[in-house]
Amino acid sequence: MDWLFYENEAKAKGYNVICGVDEAGRGPLAGPVFAAAVILPDGHIIEGVNDSKKLSEKKREMLFDKIIEECVCYSVGTASEKEIDEINILQATYLAMKRAVDGLKIKPDYVLIDGNRMPPLDIPAETIVKGDGKSASIAAASIIAKVSRDRYMLELAKKYPQYEFEKHKGYGTKLHYEKIAEHGISNIHRKSFLKKVIGNE
């Protein structure tokens, strides 16, 4: 498999600085949605990098440090649970992606985005379905986004120990629903994701 196929294709079109973008945390009931943008050195593949969902937590943590060390630059953007409730999860994901791209110290001239929907960027870009398993840049971004969000949720677990976020990272597991039933909804829960629960309260 050619991990640099899409990067090389963009270079063949005359683009020089290509960044990969992916998100983490669209589905959870609590916490922000995260996105990351990563620019890798020209022609560079970081060994072991893959779709973050295919890697163990230990491997992701190790690769997170490796990516930061070897990439040209990276940036993480988020959209809060409040923004998710106000503008919906799709628009909030776009916002997180835009913030990640805008936060890069070096401005890319082409963006590769995981998925099939295009966020409103002012830079030429293309979407790639399952891009985190096809593009080295997107795979790197998927790891940065996932690890950044997991670490953030571990911090939230300390502030809200009653929900045990360290175990489910905010996803809608049986345990998480049990904790919501027991303690109610907190200010870091996505109200728009919990309409049925709120209606029953």
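**Notebook: Asp51, helix 1, strand 1, cysteines, salt bridges**

I began with Asp51 and listed its contacts, leaving aside neighbours within four places in sequence: Trp3, Asp132, Gly133, Ala139 and Ser142. For contact I took heavy atoms within 4.5 Å.

Ground rules next. I am working on a predicted model, where local features need pLDDT of at least 70, side-chain atom pairs count only at pLDDT 80 or more, and totals for chains, interfaces and linings use all residues. Residues are numbered from 1 along each chain as its sequence is written, and side-chain values use heavy atoms, with hydrogens and water left out.

**Entry 1: Asp51**

I placed Asp51 in the loop between strand 2 (33-39) and helix 2 (57-70). My helices (H or I, at least four residues) and strands (E, at least two) are DSSP runs, numbered from the N terminus. Is Asp51 buried or exposed? Its relative accessibility is 7%, so I logged Asp51 as buried. The scale I used calls a residue buried under 20% relative accessible area, exposed over 50%, and partly exposed in between, with a 1.4 Å probe and protein chains only.

I then looked for a partner to the Asp51 side chain. One of its polar atoms lies 2.9 Å from the backbone nitrogen of Lys53.

**Entry 2: helix 1**

I pulled the buried residues of helix 1 (residues 5-12): Tyr6, Glu7 and Ala10. They sit on the same side of helix 1, because their arc around the axis is only 105°. That arc is taken over the directions from the helix axis to the C-beta atoms. What do these buried residues pack against? I found strand 1 (18-24), strand 4 (110-114), strand 5 (125-128) and helix 5 (136-159). Just past the helix I checked Gly14, which follows helix 1 and has a positive phi, near 105°.

**Entry 3: strand 1**

I moved on to strand 1. Six of its seven residues are buried, so I noted the strand as mostly covered. Strand 1 pairs with strand 4 in the parallel sense over four bridges. With strand 2 the sense is antiparallel, over six bridges. I counted two strands as paired if DSSP finds at least two bridges between them. For single positions, I noted Cys19 opposite Val111 in strand 4. Gly20 has Val38 in strand 2 as its bridge partner.

**Entry 4: cysteines**

How many disulfides does the whole structure hold? My search returned zero. The cut-off was a pair of cysteine sulfur atoms within 2.5 Å. Cys19 is in no disulfide, and its nearest cysteine sulfur, in Cys73, is 8.1 Å away. Cys19 has 0% relative accessibility and counts as buried. Why does Cys71 make no bond to Cys73? The closest cysteine sulfur to that of Cys71 is the one in Cys73, and 6.5 Å is too far for a bond. Cys71 is buried too, with a relative accessible area of 10%.

**Entry 5: salt bridges**

My rule was a side-chain nitrogen of Lys or Arg within 4 Å of a carboxyl oxygen of Asp or Glu. The count came to 15 salt bridges. I opened three of them.

- Glu86 and Lys82 meet at 3.5 Å, N to O. Both lie in helix 3 (residues 81-87), four residues apart, about one turn of the helix. I have Glu86 as exposed at 55% relative accessibility, and Lys82 as exposed at 58%.
- Lys174 and Glu178 have their closest N and O atoms 2.9 Å apart. Both lie in helix 7, four residues apart, about one turn of the helix. Lys174 is exposed, with a relative accessible area of 66%, while Glu178 is partly exposed at 40% relative accessibility.
- Glu164 and Lys179 meet at 3.2 Å, N to O. This pair links distant parts of the chain: Glu164 is in the loop between helix 5 and helix 6 (165-168), Lys179 is in helix 7 (residues 174-183), and they are 15 residues apart. Both residues are buried.

I followed the last pair further. Glu164 and Lys179 belong to a network of salt bridges that also links Lys167 and Glu182.

**Entry 6: Thr93**

I finished in helix 4 (residues 89-102), where Thr93 sits. Thr93 is at 2% relative accessibility and therefore counts as buried. Which residues does Thr93 touch, not counting those up to four places away in sequence? I listed Glu23, Arg26 and Val33.

Methods:
Polar contact = N/O pair within 3.5 Å; in protein donor to acceptor, adjacent residues only side chain to side chain.
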